Amino acid sequence: MVPITFTEISERLRSMELPETDLVIGIGTGGIVPASLVAFHLGCELHIITLNYRDESNTPRYEKPIVINMPEMPSLEGKRILLVDDVSVSGKTLNEALFHFQGLDIKTLILKGKADYVLFPEIKDCVKWPWK
């Protein structure tokens, strides 16, 4: 397991060229802390949606991710949105979230895995995040 610190995450955020962003949407539960860090770094508003796919042992519990909580948000039309999660390997959770935001200007950022922006693309092993 690869340990990552808040300092390392912060350094990566500062070194990346991220897109112009009006709003960060985090995918809970794993993406809450990363999305908070990204929103703070970009000086953006933050909203959290909650999708669930895996259980505590990382085993899929449903055929596909399900939406647990999709709070009311102001109009997102014309906003540049950055969708943030901690890890995306299969892409199922990101794709389910993107389905709910079809037609919007949205990019994806994750800490590890596959997305438009990946903070730690070189890490292939499991990660020990500083908030867990």
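This short talk walks through the strands, the salt bridges and the aromatic rings of one structure.

Before anything else, please keep in mind that what you have in front of you is a predicted model.

Let me begin with the strands and how they pair. Strand 2, residues 23-28, pairs with strand 3 in the parallel sense, and six bridges hold that pairing. If you look for a point where the two strands face each other, you can take Gly26, which stands opposite Ile48 in strand 3. Between these two strands the chain passes through helix 2, and the resulting β-α-β crossover is right-handed. On the way there is a detail that is easily overlooked, namely that the peptide bond from Gly28 to Thr29 is cis, with omega near 20 degrees. Thr29 itself sits in the loop that lies between strand 2 and helix 2, the helix being residues 32-42. As background for this detail, most peptide bonds are trans.

Strand 3 also has a pairing with strand 4, and here the two strands run antiparallel and are joined by three bridges. In that pairing, Thr50 stands opposite Asn69 of strand 4.

We can now move along to strand 5, residues 80-88, which runs parallel to strand 6, residues 105-113, with eight bridges between them. Leu83, for example, has Thr108 in strand 6 as its bridge partner. To get from strand 5 to strand 6, the chain goes through helix 3, residues 92-99, and this β-α-β crossover is right-handed. Strand 6 then pairs with strand 7, residues 117-118, again in the parallel sense and over two bridges, and in that pairing Ile110 is found opposite Val118.

Let me turn to the charged side chains. How many salt bridges does a search of the whole structure find? The search finds three, and I would like to take them one at a time.

In one of them, the side chains of Glu122 and Arg12 meet at 2.8 Å, N to O. This pair links distant parts of the chain, since Glu122 belongs to the loop between strand 7 and strand 8 while Arg12 belongs to helix 1, and the two are 110 residues apart. Glu122 counts as partly exposed at 45% relative accessibility, and Arg12 is partly exposed as well, with a relative accessible area of 27%.

In another, Asp22 and Arg80 bring their side chains together, with 2.8 Å from N to O. Asp22 lies in the loop between helix 1 and strand 2, whereas Arg80 lies in strand 5, so this pair ties together parts that are 58 residues apart in sequence. Asp22 has a relative accessible area of 29% and is therefore partly exposed, and Arg80, at 32%, also counts as partly exposed.

The remaining salt bridge is formed by Glu96 with Lys64, and its closest N and O atoms are 3.6 Å apart. Because Glu96 lies in helix 3 and Lys64 in the loop between strand 3 and strand 4, the pair ties together parts that are 32 residues apart in sequence. Is Glu96 buried or exposed? At 13% relative accessibility, Glu96 counts as buried, because the cut-off for buried is under 20%. Lys64, by contrast, is partly exposed at 48%.

That same loop between strand 3 and strand 4 also holds Tyr62, which is partly exposed with a relative accessible area of 33%. Together with Ile66 and Ile68, Tyr62 makes a nonpolar surface patch of about 250 Å².

I will finish with the aromatic rings, of which a search of the whole structure finds two pairs. In the pair of Phe6 and Trp131, the ring centres are 5.9 Å apart and the planes stand at 45 degrees, so the pair is tilted. Phe6 is in helix 1, residues 6-15, and Trp131 is in the segment after strand 8, which places them 125 residues apart. Phe6 counts as partly exposed at 40% relative accessibility, and Trp131 counts as partly exposed at 22%. Trp131 also pairs with Trp129, and this pair is stacked, with 5.4 Å from centre to centre and 5 degrees between the planes. Trp129 is buried, its relative accessible area being 5%. Taken together, Phe6, Trp129 and Trp131 form one aromatic cluster.

Note on methods. Residues numbered from 1 in each chain as written. Predicted model: local features only at pLDDT ≥ 70, side-chain atom pairs only at ≥ 80, totals over all residues. Heavy atoms only, no water. Phe/Tyr/Trp six-rings, centres within 6.5 Å; stacked < 30°, edge-to-face > 60°. Helix = DSSP H or I, 4+ residues; strand = E, 2+ residues; numbered from the N terminus. Buried < 20%, exposed > 50% of the residue type's maximum accessible area, 1.4 Å probe, protein only. Patch = residues over 30% accessible without salt bridge, like charges linked within 9 Å, V, L, I, M, F, W, Y side chains within 5 Å. Areas by Shrake-Rupley, 256 points an atom, 1.4 Å probe, with all protein chains shown as cover. Salt bridge = Lys/Arg side-chain N within 4 Å of Asp/Glu carboxyl O. Pairing = 2+ DSSP bridges. Right-handed = clockwise from strand over helix to strand, strands pointing away.
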